[in-house]
Amino acid sequence: MQRGLPQKRPLRDVRKTVAVSSAKGGVGKSTIAVNLALAFARQGHRTGILDTDIFGPSIPTLFNLSGEPRLSEQNRLLPLSNYGVKSMSMGYLVGEKAPVVWRGLMVMKALQQLLWEVEWGGLDILVMDLPPGTGDTQLTITQQVVLD
């Protein structure tokens, strides 16, 4: 039986992954992440953004998107798209005004779904917008995902 940290792996159909993070909230992480994604798309890169903030998703608002994503034939989430950028967020999966009152295991299951069960359709770069702090979400991402 192997012990220790999980093996890092790249996200499916994503060439490069960049994470935007800060231990403090309210410093403009989402704004930076959105502007990075838009700049990459403007340069002609196939770009996506992943909102990993389960409790306070802001990407749907910043991208002026709402509604539930459809499922692919492989039963994976299909990202919503605007401004030439594909996006996925917990904000698309729960009601806009619905509070997310989840505990650890449910949060980690939702994060795993956002990480590994999205059909990106081939991206040059994915920008990940991380939640504030240094908790389980940030640790899971840095331990499981190859970041560039």
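A residue counts as buried here when its relative accessible area is under 20%. Keep that cut-off in mind as you look around this predicted model.

**The whole chain**

Select everything to begin. By that cut-off, 41% of the 148 residues are buried. The C-alpha atoms fill a box of roughly 45 × 35 × 35 Å along the principal axes. The accessible surface comes to about 8500 Å², and carbon and sulfur atoms hold 52% of it.

Now switch to a cartoon view. You should find four helices and five strands, and from the N terminus on they run β-α-β-α-β-β-α-β-α. The radius of gyration is 15 Å, close to the 15 Å that the globule rule gives for 148 residues, so the chain is as compact as a globular protein of that length. Turn on contacts between residues at least 6 apart in sequence: 74% of them join residues at least 24 apart.

**Colour by confidence**

Next, colour by pLDDT. The mean for the chain is 90, and 93% of residues reach 70 or more. Which element has the lowest mean pLDDT, and which the highest? Helix α3, residues 104–116, has the lowest at 87, while β5 has the highest at 98.

**Helix α1**

Select residues 29–42, which form α1. This helix has 14 residues and reaches 20 Å from its first C-alpha to its last, close to the 20 Å expected at 1.5 Å a residue. Show side chains for Lys-29, Ser-30, Ala-33, Val-34, Ala-37 and Ala-41, the buried residues of α1. Where do they sit when you look down the axis of α1? They fall within an arc of 130 degrees, so they line one face of the helix. An α-helix has 3.6 residues a turn, so residues three or four places apart point the same way.

To see what covers these buried residues, add β1 (14–20), β2 (47–51), α2 (59–62), β4 (85–89) and β5 (123–129), which are among the covering elements. Then step just past the end of α1 to Gly-44, which takes a positive phi of about 95 degrees.

**Thr-137 in helix α4**

For the last stop, select Thr-137, which lies in helix α4, residues 136–144. Is this residue buried or exposed? Its relative accessible area is 9%, and under 20% means buried, so Thr-137 is buried. Show its surroundings: leaving aside residues up to four places away in sequence, Thr-137 touches Thr-52, Val-107, Met-108, Leu-111 and Pro-131.

Notes
Residues numbered from 1 in each chain as written. Predicted model: local features only at pLDDT ≥ 70, side-chain atom pairs only at ≥ 80, totals over all residues. Heavy atoms only, no water. Helix = DSSP H or I, 4+ residues; strand = E, 2+ residues; numbered from the N terminus. Expected span 1.5 Å × (residues − 1). Buried < 20%, exposed > 50% of the residue type's maximum accessible area, 1.4 Å probe, protein only. Arc of directions from axis to C-beta. Contact = heavy atoms within 4.5 Å. Rg over C-alpha atoms; globule rule 2.2 N^0.38 Å. Areas by Shrake-Rupley, 256 points an atom, 1.4 Å probe, with all protein chains shown as cover. pLDDT = per-residue confidence, 0-100.
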